[in-house]
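Colleague: I am new to this model. Please take me closely through one part, the sheet shared by the two chains, and what surrounds it.

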Amino acid sequence: MAQFKKNKKRESGAISTASLPDIVFMLLFFFMVATVLRTEEEMVRVVRPEASELYKIEKKHLIRYINIGPPQDARRGTEPVLQLNDDFSSPAEVQAWVENERLTINEAEQSKMWVSLKVDKDTKMGIVTDVKQELRKASALKVLYSAGRRDRTASSD
Amino acid sequence: MARRELQEINAGSMADIAFLLLIFWLVTTTIDSDEGVKRQLPPPVPPDMENPPPVRERNVFVVLVNANDDLLVEGEELKINSLKDKAKEFLIANGDGILYGDEPEDPDLPVREWVRKSAVQQKVQEYSAYVQSAESDDDKKQYQKVLDDWKDKLAAIELFGGEFKQLPGSALISMRNDRNTTYDTYLQVQNELEAAINELRDELSISKFGVPYAELEDNYERSPDELTRQRIFAVREVYPQRISEAEPQDAGAVYK
C-alpha cells in the first residue's frame, strides 16, 4: 500500500467541526416542525391591538381567518379592506365564504368553527361591524378578535 | 507531479449551508399565534321581532363610545383606564354576600338578591316532582334541565360554605360604538369589561377554591370532572358574563 503515505508528524488537531452541520440541521428541522406555516399571503397590513384577556384556541384546524386592514399594495389605496383567503373581498361575500369554509371542516366539528378577525388597530369600526353582522347572518357566532398580549390594566385601589 | 492523497471531502462548509437555511427559515416564517379576545355573537334578530321589554336603568351598565374614541359610561365621561374599576363597582353592586358582604343599596346600581338555601332546596324538590310526573319525554328533558340548574345552585351554596347574593336576571353590561370608533378602542373597551369580570371571578375563586378561575376552566377543558364543573358554575352564578352590544344603528343615527 504504497500510495497511503503515513504522515508521521502529528499536529495537535483543531476541534472537529464535523458534527456542527448535524446540530444545525437538527435546529433547522426543529423550527420547521414547530412553526406553523402561514398558508395564505397577507394582502392587508395588520397591526394587531393588544389586550390582556386572551383566549388561545387549541384546535387550529377549526379556525378560519378574516383580515381587515389597509392594503399592502399602496396602489390600492389606504382605506381598510377585507381579505378572505387569498383575495380582496367585501362584507357581502362573507356569508358565502363562511358556508364554503364550513364544508372544509368535518361534519362533527362544523358547529365549533371559530372565525378569527385579524383587524388593524386603526381601522374604523364600520367595516368590522358590517362583517360581524354578516357573520351573525351566517350563524358563525364564535369570534376571536386577534390580539397581542399585554398586562392587565392596574386597578386604582 | 506527486501522487495526490485521497482526501476526505471537507465538511466544514456544511455548517455554513445549514446555518444559511436555518436563518432563511427563521426570517421567512412568522409564528402565528392564535390568541385573542373571545366573543360569542348574538344570533341574528328575526325581522318580526318586537322591541325588547324596557329594562330598569339601574340594571344596565351603559358604555358608549363616540367617533372620537371618547367614552361615556353611565352618563359620565370616563378614561379607559378607569373603566375596569367602574365596571367592577357595577358588578359587585350592593355586595355579593361572600367577599363583599352586604352593603347598603345604591340607587344607581342593581340590587343583588340573596339566594336562600331553603328556597333552593324547595325548588329542587318541586322540580324533582315535575320530572317524576312528566308525561312526554320533551317535558321531562326540560324539567330535568331546570332541576339540574337548581341542584347546581345548591352545590354552589355548599361550595361557598354559605348563601350568596345574585345579580338580577336583567343586569347586563351594554356597549355601543360609532361606525367611526377605531377598532383599537373598541377592543380595549371589550377587554376592560372582560377584565373586570375575570378579576372578580379570580378573586372569588382563589379565596374559596385556592385557584384562579381561568385555571378552573383550563382544567375542565383538559379533564372534565363534576367538582370543577360545579365550581365553575358557582363562580359564574355570582359573576355572570353578560356583555351585550347594541344593534348597529342606521347610518343616520348619531349618538354623542
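Modeller: Here is the sheet, followed by its surroundings and the two chains.

This is a predicted model, in which local features need pLDDT of at least 70, side-chain atom pairs count only at pLDDT 80 or more, and totals for chains, interfaces and linings use all residues. Residues are numbered from 1 along each chain as its sequence is written, while chains are lettered from A and ligands numbered from 1 in the order in which they are written.

Start with the sheet itself. It is open and has 7 strands. Their order is S2(A)-S1(B)-S7(A)-S6(A)-S3(A)-S4(A)-S5(A). The pairing is mixed. Strands here are DSSP runs of E with at least two residues, helices are runs of H or I with at least four, and both are numbered from the N terminus. Two strands pair if DSSP finds at least two bridges between them.

Now the edges. They are formed by strand S2 (55–56) and strand S5 (87–89) of chain A. Each has a single partner strand, so one side of each is left without a neighbour in the sheet.

Next, the strand from chain B. S1(B) covers residues 35–40. Its link to S2(A) consists of 2 bridges, and these two strands run antiparallel. A:Tyr55 is found opposite B:Gly36 of S1(B). S1(B) also pairs with S7(A), again in the antiparallel sense, over 5 bridges. There, A:Lys142 has B:Gln40 in S1(B) as its bridge partner.

A helix covers part of this sheet. Helix H3 of chain A, residues 125–137, lies across four strands of chain A: S3 (63–69), S4 (81–84), S6 (114–119) and S7 (142–146). The helix runs at about 155° to S3(A). Such angles go from 0 to 180 degrees between N-to-C directions, with axes as lines fitted to C-alpha atoms, for helices over the stretch in contact.

Two loops of chain A deserve a look. One joins S4 and S5 and holds A:Asn85. The phi of A:Asn85 is positive, near 50°, in a residue other than glycine. A:Asn85 counts as partly exposed because it has 16 C-beta neighbours inside 10 Å. A residue is buried if 20 or more other C-beta atoms, placed from the backbone, lie within 10 Å of its own, exposed if 12 or fewer, and partly exposed in between. The other loop lies between H3 and S7 of chain A, and A:Ser139 is in it. A:Ser139 is not a glycine either, yet its phi is positive, about 60°. With 15 C-beta neighbours inside 10 Å, A:Ser139 is also partly exposed.

Step back to chain A. It has 3 helices and 8 strands. From the N terminus, the elements follow the pattern α-β-β-β-β-β-α-β-α-β-β. Of its 157 residues, 27% are buried. Among contacts in chain A with a separation of 6 or more, 79% come from residues 24 or more positions apart. A contact means that two C-beta atoms, placed from the backbone, lie within 7 Å.

The sheet is one part of the meeting of the chains. That contact involves 53 residues of chain A and 46 of chain B. On the side of chain B, the elements giving two or more residues are helix H1 (12–28), S1, helix H2 (83–92) and helix H5 (183–209). The residues on this side divide into 20 nonpolar, 13 polar and 13 charged. Here Ala, Val, Leu, Ile, Met, Phe, Trp, Tyr, Cys and Pro count as nonpolar, Asp, Glu, Lys and Arg as charged, and the others, Gly among them, as polar.

Finally, the chain that lends S1(B). Chain B contains 7 helices and 8 strands. Its C-alpha trace spans about 110 × 55 × 40 Å along the principal axes. Its radius of gyration is 28 Å, whereas a compact globule of 256 residues would have one near 18 Å. That radius is taken over C-alpha atoms, and the globule rule is 2.2 Å times the number of residues to the power 0.38. In chain B, 25% of the 256 residues are buried.
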